[in-house]
Amino acid sequence: MAAYRIVVGTVYMFFMAHCTSCFSFNPSFALGKRRVQLSLDAELRPRVTRKCGGLFPFSMQSESGDANNRANGGEEKLRLWKEKAKAARKPSLQQGVYISILCVLGISLTAYALHVEHMLRLNKSYKAACDVGSWASCSNVAKSAYGSGLGIISKRGPFGFLAFSNPIYGLVFYLAMLGLQAPPIFASPRARIASVVLASVSLFASAWLGYLLFAVIKEICIVCISSYVLNVLIFVLTMADYRKLIADLKSRKPSSA
């Protein structure tokens, strides 16, 4: 009976030693009063697994197979992250087109405002096309003391050399914003952040000039109000693009999960 157990145990041991390499666990069995643990060396397991792969295609994966799957999963995640980073470098062309259109309209308004100021210097009684009545007169606003230096810088002060006509500040702003919307420049995140900074400055300037227009000068200027509306729209579009930029920059970095 003891010899029968030894023979059966030996056959079982050799059979399991040949097949165990295809699995990720090491079986054990009782041989008499002792328990025999079957195991394979870590270097031998991958070679034996390749031999057994054809015999047991449906068997559990070995440790090397798990490692390969983890490596393939990492490569797939890296590829997805690279695609997100590439997409982040492609800003919304439609956003830039809308901002460019608004900048062109702003340039037209400021150019007309400069034309009105020039005609008023030549003829004090000149009536602009935007002088629609006693309640709305662009000429009266242009002739006021707040028509230069943004109503802050005095021509006789230490910074009088910066006291340009208000439409000139607007013209410089719209030209700068239009230049930042050029495709080669707009593709840079720094250029898009610079657009947000300029739009924010113009928004505060519009709020200040609007206060002077309604509370101090107490006149209605159609050209001025139109430029304020354009500045608000430009600010909204640039902020929307800025939020998209921040989201894209965050998506470039792989998550810790």
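Which residues lie nearest the centre of the second largest pocket, and how many residues line that pocket? To answer this in the viewer, bearing in mind that the model is predicted, select Glu117, Arg121, Ala142, Lys143 and Lys155, which lie nearest the centre of a lining made up of 14 residues. The space they border has a volume of about 320 Å³, and if the lining is coloured by class it separates into 5 nonpolar, 4 polar and 5 charged residues. Helix H4 gives the most to this lining, with 3 residues.

Next, select Leu150, Asn166, Pro167, Gly170 and Leu209, which among the 34 lining residues of the largest pocket lie nearest its centre. About 680 Å³ of space lies in this pocket, and its lining has 24 nonpolar, 9 polar and 1 charged residues. Showing the helices as ribbons helps to place the walls, since at least two lining residues are supplied by each of H4 (93–122), H5 (138–142), H6 (166–180), H8 (189–217) and H9 (222–252). Of these, H8 deserves a selection of its own, as the largest share of the lining, 9 residues, comes from that helix.

Finally, turn to the surface and select Phe159, Phe161, Leu162, Phe164, Ile168 and Val172, which together make a nonpolar patch of about 580 Å². Within this group, pick out Ile168, which is found in helix H6, the helix that also supplies at least two residues to the lining of the largest pocket. Ile168 has a relative accessible area of 32% and is therefore partly exposed, a class that falls between the buried limit of under 20% and the exposed limit of over 50%.

Conventions
Residues numbered from 1 in each chain as written. Predicted model: local features only at pLDDT ≥ 70, side-chain atom pairs only at ≥ 80, totals over all residues. Heavy atoms only, no water. 1 Å grid on protein atoms, 1.4 Å probe; cavity = no way out; pocket = protein on both sides within 12 Å on 5 of 7 lines; lining within 4 Å. Points joined across faces, edges and corners; volume = space filled by probe spheres on them. Helix = DSSP H or I, 4+ residues; strand = E, 2+ residues; numbered from the N terminus. Nonpolar A, V, L, I, M, F, W, Y, C, P; charged D, E, K, R; others polar. Patch = residues over 30% accessible without salt bridge, like charges linked within 9 Å, V, L, I, M, F, W, Y side chains within 5 Å. Areas by Shrake-Rupley, 256 points an atom, 1.4 Å probe, with all protein chains shown as cover. Salt bridge = Lys/Arg side-chain N within 4 Å of Asp/Glu carboxyl O. Buried < 20%, exposed > 50% of the residue type's maximum accessible area, 1.4 Å probe, protein only.
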